[in-house]
Amino acid sequence: MEIQDFSDDIDVKVKKYQRGESADLEGLKDKKLKGQLANREELYKKSANAAAKAEKWLMQTESGLLEPEGIEKTWRFSQQSIAQEVDVASRKNQFDIILPDLGPYTIDYTSSGRYMLTAGRKGHLAIMDMHTLKPVKDFQVRETVRDAVFLHNELFFAAAQKKYTYIYNRAGTELHCLKEHGAVLKLQFLKNHFLLSSINKSSHLRYQDITTGQIVGNYRTALGRSDVLQLNPYNSVITSGHSGGTVCMWKPTTSTPLIKILCHHGPVTAISFHPNGHLMATSGMDKKIKIWDLRTYKTLQTLPGNAKTLSFSQKGLLAASTGSFTQILQTSDSSNYNRYMIHTMAKGYQINRIQFRPYEDVLGIGHSMGFSSILVPGSGEPNFDSWVANPFETVKERREKEVRVLLDKLPPESVMLDPTKVGNMREVKRKEKKTKAEVEEEKAAAVAAAKNVAVKKKTKGRSKPSKVARKKQEGIENAKRGFVEENEGRDNKKKQKRITEVNELPIALQPFVSKKGK
């Protein structure tokens with residue numbers, strides 16, 4: 001009985017990792033193509049089985065959620081009551097750092113969740129090791145800082161300051177001054193393409209390759225000033241929100257947006273993407289939070305309330321904050337979100353930025369009086385892939401990973417709405433052959449148009465009725481000649497193809513070929 005249950009469990013996990021139904025290869029006549037597709041299907045089956053076994057035996061840790069009993073509600077649980085029930089290692093992730101003279105703060109995490117970058121509006125920049133809760137480096141740049149993001153690892157980060165964008169290393173040394181970006185309001189980093197994206201006060205969207213320093217794209221959005229910029233982690237498409245309620249999706253090699261959606265009847269205040277890339281959450285000044293399905297570009301759910309900042313967790317929880325109030329929404333079917341947890345900061349604290357910490361059940365909050373961290377059970381992915389992001393990587397592993405990701409760097413042209421199309425052949429659309437009736441209709445229309453052409457009147461006897469009639473007749477013949485030449489060209493191609501096929505045959509067999517096509 002246990003063996004049967006085990007096999008059923010494996011079958012369920014294999015279905016989870018399968019790439020759709022297998023292709024029907026019986027109707028293919030090309031043996032080479034049929035063999036290639038059969039080998040590919042076999043590889044897909046092996047990869048699905050390997051992933052299912054890895055999940056069964058290697059991913060033993062399961063994510064936990066708050067489970068109420070009786071008439072209890074999960075959103076009534078306070079941080080104090082949660083801290084009393086968790087272990088010591090999790091309890092240390094709950095803290096408040098008060099820096100009232102340097103806020104409001106914005107925060108960012110590395111892809112492994114090991115390090116946190118904090119940037120105060122009044123020039124304070126700091127990197128903190130979240131395992132030891134000790135600052136790696138903090139310094140003062142003595143001018144306004146609007147945003148800051150990590151680059152490919154914790155060794156480098158970019159800060160959008162008063163006039164220009166600067167790149168610093170882990171020791172706080174200024175490495176580069178990016179004057180081409182101007183007075184930047186928001187920054188995003190495309191880690192697979194090594195592109196730093198920014199939008200400035202004059203609504204110019206720029207992409208810069210940090211490995212070569214080349215400006216890949218410089219486009220004017222022409223939709224007014226925007227301070228909402230978000231990256232879709234699934235396809236690396238940058239999304240901007242504008243004051244007219246429009247949300248635009250951009251790629252580095254196109255000057256016009258790929259998609260333009262009217263999401264709100266008022267300015268867009270926040271955007272966030274689900275890790276699977278199929279869901280988008282937007283918030284606007286019309287006091288609505290909308291969940292969008294990016295496969296159909298339709299609204300799945302509309303929630304009341306305004307949010308200055310939004311953030312999706314690795315497990316699909318959605319956090320929304322405005323003022324000093326934060327609520328976390330949970331869903332079981334990726335469509336209907338309901339209240340899961342709430343958290344209220346001290347009176348007077350204005351939240352500026354929230355972000356879930358990867359691989360931990362933690363929500364980071366940057367506010368006007370510093371930055372805080374609260375526990376959100378079930379928000380983080382419990383099992384990490386050390387090949388993708390390793391919170392415990394050594395210096396040697398980090399160096400090897402840096403070389404590997406540089407070698408695997410993707411070109412800007414690979415950014416597209418559907419990344420599964422990368423590496424596939426573009427379908428060639430065959431021209432549909434016109435029917436005889438359609439050809440006759442086009443021919444009649446061309447003749448009628450030639451008859452109705454007005455002939456310019458000329459002096460000295462050059463506008464005689466006979467000459468006018470002759471010119472009109474020449475126009476009609478020219479209109480007909482185009483269709484005749486097209487038919488003759490088609491017949492010549494068929495005849496040439498037939499001759500080529502005959503010539504390819506052995507000389508002894510050529511007399512036996514049917515001569516109808518000649």
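**Close-up 1. Cys248 sits in strand E16 of this predicted model**. Strand E16 covers residues 246-250. Is Cys248 buried or exposed? Cys248 counts as buried, because its relative accessibility is 0%, and the limit for buried is under 20%. For a sense of its surroundings, look for Leu229: it lies 19 residues from Cys248 along the chain, and the two C-alpha atoms are separated by 9.8 Å.

**Close-up 2. Leu117 is found in strand E3**. This strand runs over residues 115-120. Leu117 is buried, with a relative accessible area of 0%. A good partner to find in this view is Met128, which is 11 residues from Leu117 in sequence. From C-alpha to C-alpha, Leu117 and Met128 are 6.5 Å apart in space.

**Close-up 3. Ser311 in strand E22 has its side chain by the backbone of Phe356**. Here the view turns to strand E22, which spans 309-312 and holds Ser311. Ser311 has a relative accessible area of 6% and is therefore buried. Which backbone atom lies 3.5 Å from a polar atom of the Ser311 side chain? That atom is the backbone nitrogen of Phe356.

**Close-up 4. Lys315 and Glu381 join their side chains in a salt bridge**. The N to O distance of this pair is 3.7 Å. Lys315 belongs to the loop between strand E22 (309-312) and strand E23 (318-322), while Glu381 belongs to the loop between strand E28 (370-375) and H5, so the salt bridge ties together parts that are 66 residues apart in sequence. How accessible are the two partners? Lys315 counts as partly exposed at 39% relative accessibility. Glu381, at 23%, counts as partly exposed as well.

**Close-up 5. A salt bridge links Lys409 with Asp209**. Their side chains meet at 2.6 Å, N to O. Why does this pair tie together parts that are 200 residues apart in sequence? The reason is where the partners lie: Lys409 is in the loop between helix H5 (395-407) and helix H6 (436-451), and Asp209 is in strand E12 (residues 204-209). Lys409 is partly exposed, with 27% relative accessibility. Asp209, in contrast, is buried, and its relative accessible area is 8%.

**Close-up 6. Asp293 and Arg295 form another salt bridge**. The structure holds five salt bridges, and in this one the side chains meet at 3.2 Å, N to O. Are Asp293 and Arg295 buried or exposed? Asp293 counts as buried at 10% relative accessibility, whereas Arg295 is exposed, with a relative accessible area of 56%.

**Close-up 7. Six residues gather in a patch of positive charge on the surface**. The members to look for are Arg121, Lys162, Lys163, Lys179, Lys201 and Arg225. One of them, Lys163, can be placed in the loop between strand E7 (156-161) and strand E8 (165-169). Lys163 counts as exposed because its relative accessible area is 52%, and exposed means over 50%.

Terms used:
Residues numbered from 1 in each chain as written. Predicted model: local features only at pLDDT ≥ 70, side-chain atom pairs only at ≥ 80, totals over all residues. Heavy atoms only, no water. Patch = residues over 30% accessible without salt bridge, like charges linked within 9 Å, V, L, I, M, F, W, Y side chains within 5 Å. Areas by Shrake-Rupley, 256 points an atom, 1.4 Å probe, with all protein chains shown as cover. Salt bridge = Lys/Arg side-chain N within 4 Å of Asp/Glu carboxyl O. Lys, Arg positive; Asp, Glu negative; His and termini not counted. Charge placed at Lys NZ, Arg CZ, Asp CG, Glu CD. Helix = DSSP H or I, 4+ residues; strand = E, 2+ residues; numbered from the N terminus. Buried < 20%, exposed > 50% of the residue type's maximum accessible area, 1.4 Å probe, protein only. Polar contact = N/O pair within 3.5 Å; in protein donor to acceptor, adjacent residues only side chain to side chain.
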